[in-house]
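Hi everyone, thanks for making time. Let me put the sequence and the structure up on the screen, and then I'll walk you through them.

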Amino acid sequence: QLRFPGHTHTHTQDPPLSPAIPSFRFELKITRKDHIHALVAWFDCSFECCHRPIMFTTGPFGKYTHWKQTVFYLEDEIAANPGETLEGIMAVRKSKKNPRDLDIKLRYRFDGKEVPKGGVDRTQYFRLR
């Protein structure tokens, strides 16, 4: 089984896989019976060393900015039920082909009552432009 020892929060910053590759672990608690097709990511930004601190979010519930959310479509369609957990780790680095792109490695694990024995354990790769 894939477990992340000591992990208690939904989004936490963990030590990077290597100094050049930041990574973070996540744990998403399922709150309703539904299907998981994708994960959505966004960022929050704060500038606190100014005479007047500024903070904004690119999240779906924040004020509009020209930045959008990013959708990571999963290879698996996961049937999920309340109380189950999708967990994983995401690593991000600058692309070697184009320094303005990001290469993203996503590994996720789900072991719910409606998935085959052994659950889902998959690694996917994405390029963010």
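**A walk through the strands**

Okay, so starting at the N terminus, the elements of this protein run β-β-β-β-β-β-β-β-β. That comes to nine strands and zero helices. By helices and strands I mean DSSP runs, numbered from the N terminus: H or I over at least four residues for a helix, E over at least two for a strand.

A quick word on what you're looking at. This is a predicted model, where local features need pLDDT of at least 70 and side-chain atom pairs count only at pLDDT 80 or more, while totals for chains, interfaces and linings use all residues. Residues are numbered from 1 along each chain as its sequence is written, and side-chain values use heavy atoms, with hydrogens and water left out.

Now, how much of the protein is buried? Of the 129 residues, 32% are. Buried here means under 20% relative accessible area, exposed means over 50%, and partly exposed is in between, using a 1.4 Å probe and protein chains only. And what about contacts, meaning heavy atoms within 4.5 Å? Among those between residues at least 6 apart in sequence, 54% join residues at least 24 apart.

Let's go inside. The largest nonpolar core has 17 residues, and the ones with the most contacts inside it are Leu74, Ile78, Leu106, Tyr108 and Phe110. The elements giving two or more residues to this core are β3, β6, β7, β8 and β9, which is 120-128. A nonpolar core, by the way, is a set of buried Ala, Val, Leu, Ile, Met, Phe, Trp, Tyr and Cys residues joined through side-chain atoms within 4.5 Å. As background, nonpolar side chains tend to be buried together in soluble globular proteins.

Pick out Ile78 from that group. If we skip residues up to four places away in sequence, Ile78 touches Asp34, His35, Ile36, Leu86, Tyr108, Phe110 and Val115. Next door is Ala79, in strand β6. Is Ala79 buried or exposed? Ala79 is buried, because its relative accessible area is 13%. With the same skipping of residues up to four places away, Ala79 touches Asp34, His35, Glu84, Phe110, Glu114 and Val115. Asp34 sits 45 residues from Ala79 along the chain, yet their C-alpha atoms are separated by 6.1 Å.

Next stop, some loops. Arg32 is in the loop between β2 and β3, and at 56% relative accessibility Arg32 counts as exposed. Leaving aside neighbours within four places in sequence, Arg32 is in contact with Ala80, Asn81 and Pro82. The C-alpha atoms of Arg32 and Gly83 are separated by 8.2 Å, with their positions 51 residues apart along the chain. Gly83 itself lies in the loop between β6 and β7, and counts as exposed at 65%.

Pro60 is in another loop, between β5 (54-57) and β6. Pro60 is partly exposed, with a relative accessible area of 43%. Setting aside neighbours within four places in sequence, Pro60 is in contact with Trp42 and Gln69.

Keep Trp42 in mind, as we come to the largest pocket. About 1300 Å³ of space lies in there. Of the 37 residues lining the pocket, the closest to its centre are Leu39, Val40, Ala41, Trp42 and Phe72.

How is a pocket found? On a 1 Å grid over the protein atoms alone, a cavity is a set of points where a 1.4 Å probe fits but cannot get out, and a pocket is an open set with protein on both sides within 12 Å along at least five of seven lines; lining residues have an atom within 4 Å of a point. Grid points are joined across faces, edges and corners, and the volume is the space filled by probe spheres set on the points.

Which element gives the largest share of the lining? β3 does, with eight residues. The lining divides into 21 nonpolar, 10 polar and six charged residues. For that split, Ala, Val, Leu, Ile, Met, Phe, Trp, Tyr, Cys and Pro count as nonpolar, Asp, Glu, Lys and Arg as charged, and the others, Gly among them, as polar.

Last thing: disulfides, meaning pairs of cysteine sulfur atoms within 2.5 Å. The count is zero. Why no bond for Cys49? Because the closest cysteine sulfur, in Cys50, is 7.1 Å from the sulfur of Cys49, too far for a bond.

Technical notes: Contact means heavy atoms within 4.5 Å.
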